[in-house]
Amino acid sequence: MSELGHNDAATMYEKAAEELARAAEHLRTAARHMREREVPRACAHAFAAQGHVANHQDQVTAAAKLHAAKSTP
């Protein structure tokens, strides 16, 4: 993994936050569909939310790996 500057790291964190925001939107939609008893649609949005959380985790893991490579024990 290449070395990132502060701006690059900040952009990475913003993208990770955007993934969580998308997950939250999907979960709100899932809740609405569940209240309307549209279970398959609710589950589809809940599943999409989990995908965004996984993308977020991947991005944070990449940042942690970069930090681990540069840190001194």
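Is H33 buried or exposed? With a relative accessibility of 3%, H33 counts as buried, since the cut-off for that class is under 20% relative accessible area. The model discussed here is predicted.

## Surroundings of H33

H33 belongs to helix α1. When residues up to four places away in sequence are not counted, H33 touches E38, R41, A42 and H45. Of these contacts, A42 is also listed among the buried residues of helix α2.

## Packing of the two helices

Two packed helices are described by the angle between their axes and the distance between the axes. Here, helix α1 covers residues 6–35 and helix α2 covers residues 39–70. The two pack at an angle of about 165°, and their axes lie 8 Å apart. This angle makes α1 roughly antiparallel to α2, because angles over 145 degrees are placed in that class.

The crossing of α1 and α2 is left-handed. The residues of the contact between these helices comprise 16 that are nonpolar, eight that are polar and four that are charged.

## Length of helix α2

Helix α2 contains 32 residues. At 1.5 Å a residue, α2 should span 46 Å. The C-alpha atoms at its ends are 47 Å apart, which agrees with that expectation.

## Buried residues of helix α2

The buried residues of α2 are A42, A49, H52, H56, A63 and L66. Helix α1 is included in what covers them.

H52, found in helix α2, has a relative accessible area of 15%. H52 is therefore buried, as this value falls under the 20% limit. Leaving aside neighbours within four places in sequence, the residues in contact with H52 are E19, R22, A23 and H26.

## A partly exposed position in helix α2

A44 also lies in helix α2. Its relative accessible area is 46%, so A44 is classed as partly exposed; the limits of that class are 20% and 50%.

A44 and E18 are separated by 26 residues in sequence. In space, the distance between A44 and E18 is 20 Å, taken from C-alpha to C-alpha.

## Summary

In this predicted model, α1 and α2 pack in a roughly antiparallel arrangement with a left-handed crossing. H33 of α1 is buried, and H52 of α2 is likewise buried, whereas A44 of α2 is partly exposed.

Definitions and conventions: Residues numbered from 1 in each chain as written. Predicted model: local features only at pLDDT ≥ 70, side-chain atom pairs only at ≥ 80, totals over all residues. Heavy atoms only, no water. Axes fitted to C-alpha atoms, helices over the stretch in contact; angles between N-to-C directions. Helix = DSSP H or I, 4+ residues; strand = E, 2+ residues; numbered from the N terminus. Parallel < 35°, antiparallel > 145°, perpendicular 65-115°, else oblique. Left-handed = near helix turned anticlockwise from the far one by under 90°. Nonpolar A, V, L, I, M, F, W, Y, C, P; charged D, E, K, R; others polar. Buried < 20%, exposed > 50% of the residue type's maximum accessible area, 1.4 Å probe, protein only. Contact = heavy atoms within 4.5 Å. Expected span 1.5 Å × (residues − 1).
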